[in-house]
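Me: Please examine the model shown below. I have some questions about its strands and helices.

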Amino acid sequence: MGARDSISRQFAEYTHMVMGQRLYDLFIHALDTPAPTSIRINPEKWQGPAPSSSLVPWSEHGYYLAERPNFTLDPLLHAGAYYVQEAASMFIQQVISQHVGNSTNDSYNHCTPIIALDMCAAPGGKSTAAMAMLPEGSMMICNEPIKQRANILAENICKWGNANMMVTNNYPEDIAASGLSFDLIICDVPCSGEGMFRKDPKSIEEWSVGNIDKCSKLQREIVHAAWQCLRPGGLMVYSTCTFNLRENEDNICWIANNMDAEILPVHIQDEWHITGSLSDSCPWPVYRFIPGISQGEGLFMAAIRKKDNQDALHNKRKEKGGKGANRNVKTIDRRWAEQCRQWLCHADSMEFHLAGDTIVAMDKNLKHIYQTAAKSLRIVHAGISLATVRGNALVPHHCLALSTYINREAFATVDTDTQTALDFMRRQPILLPDGTPKGIILLTHHGMPIGFVKNLGNRVNNLYPQEWRIRNL
């Protein structure tokens with residue numbers, strides 16, 4: 001039985017009322033067609049030509065694939081060369097390129113760095129998409145309230161390899177009370193999930209009017225908390241993966257009427273087939289992706305500016321580190337610091353500290369953000385985890401292997417075929433070529449780092465994280 005046959009009469013009647021006959025007919029027919037498969041490449045890692053597939057027109061880095069491969073069997077996915085992401089969700093790149101910066105113009109790298117927050121970030125698709133569009137030197141805090149999902153988020157952020165990303169595990173009200181403030185906040189809020197019916201038919205069983213009301217209330221609570229830590233002049237991106245008015249247009253009306261907010265237009269092309277507001281009471285520019293009309297799954301998105309006399313996104317401002325801000329940072333042994341510097345490119349821009357038994361590298365210009373966050377928030381991942389301290393020795397961390405800052409010349413390297421790379425990621429025994437030196441070896445696949453092993457001569461210790469190992473081969 002397809003998704004179309006599973007929807008309730010109540011959902012069908014309500015959605016027909018919201019969309020009207022033409023849109024509803026296209027949508028309901030699409031529920032029994034395959035969802036398009038799309039990926040977004042990592043611009044800091046992807047090597048060689050672009051995928052031989054069609055572009056996602058509203059994303060600088062997105063591509064539709066002709067068919068869905070077994071992504072688990074591609075080591076480059078696990079290395080962070082690309083991210084499997086639903087195409088409509090990539091629209092956030094269009095919003096940010098128009099309202100924060102534009103990576104296609106010559107002045108982009110000279111824009112003022114910003115501090116961004118993804119309030120409900122797991123599994124990390126919008127966070128990494130947004131980060132790719134921010135001015136150089138910007139920082140993104142990716143927050144996820146649910147611990148298990150926060151761990152998955154941290155894994156994906158580590159794989160992406162950007163040194164200026166942090167993962168926290170807190171509720172929105174904790175972020176609001178932390179003392180942090182942001183130029184950009186993404187609120188991809190928990191929702192009733194109607195836009196995922198085609199991709200995940202099981203979600204149909206969870207749909208109810210009561211769940212819509214519950215989600216709408218939670219969404220407003222999240223937005224209210226986020227608004228408190230959004231700087232005047234800052235940008236909020238509000239999004240859901242659902243179709244009903246309560247969680248979409250009605251919430252935008254609530255924001256516009258109860259907060260000092262301006263709903264911003266986003267320039268789009270007619271051929272993208274993006275639908276606007278479906279509510280007469282919401283005259284503001286909002287953007288809907290509906291299966292059967294636009295090429296993607298269900299998504300609603302709006303860009304919201306917090307009003308101010310000047311635009312905080314394009315004016316320099318000083319952060320307050322405060323006296324005694326270093327008290328949360330444990331310095332490391334000078335010998336260890338020197339070794340860590342050798343493992344990194346751009347090492348002069350980084351500072352090192354101990355977090356438990358892990359040495360972490362942090363951009364000097366962003367250290368005060370980490371220090372403020374560490375006072376009250378649960379930090380799951382930050383900066384670059386460089387090494388684990390074991391006695392008097394340092395063992396390089398897996399996140400270092402996946403970081404775009406790794407100095408590959410500091411390590412002996414072995415390039416692996418697909419089967420060896422997958423065996424490594426399953427934490428199975430692997431063989432190294434004759435003549436491979438003893439000690440730490442950086443493994444690559446098609447030239448891209450995938451992790452470390454330790455060659456003892458008679459055997460090889462696999463250093464791939466146990467909790468990340470591939471199980472379903």
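Me: How many bridges join strand 14 to strand 16?

Reply: This is a predicted model, in which local features need pLDDT of at least 70, side-chain atom pairs count only at pLDDT 80 or more, and totals for chains, interfaces and linings use all residues. Residues are numbered from 1 along each chain as its sequence is written, and side-chain values use heavy atoms, without hydrogens and water. Strands (E, at least two residues) and helices (H or I, at least four) are DSSP runs numbered from the N terminus, and two strands pair if DSSP finds at least two bridges between them. Strand 14 (residues 358–363) and strand 16 run antiparallel, and the number of bridges joining them is four.

Me: Which residue of strand 17 stands opposite Thr 388?

Reply: Strand 16 is joined to strand 17 (residues 393–396) by four bridges, in an antiparallel arrangement. The two strands form a hairpin with two residues between them, and Gly 391 in the turn has a positive phi of about 65°. Opposite Thr 388 in strand 17 stands Val 395.

Me: How many residues of strand 16 are buried?

Reply: Buried means under 20% relative accessible area (1.4 Å probe, protein chains only). Strand 16 (residues 384–390) is largely enclosed by the rest of the structure, because the buried residues number six of the seven.

Me: Which strands stand at the edges of the sheet ordered 2-3-1-4?

Reply: This open sheet of four strands has antiparallel pairing. Each edge strand has a single partner strand, so one side is left without a neighbour in the sheet; these are strand 2 (54–55) and strand 4 (82–84).

Notes: Buried < 20%, exposed > 50% of the residue type's maximum accessible area, 1.4 Å probe, protein only.
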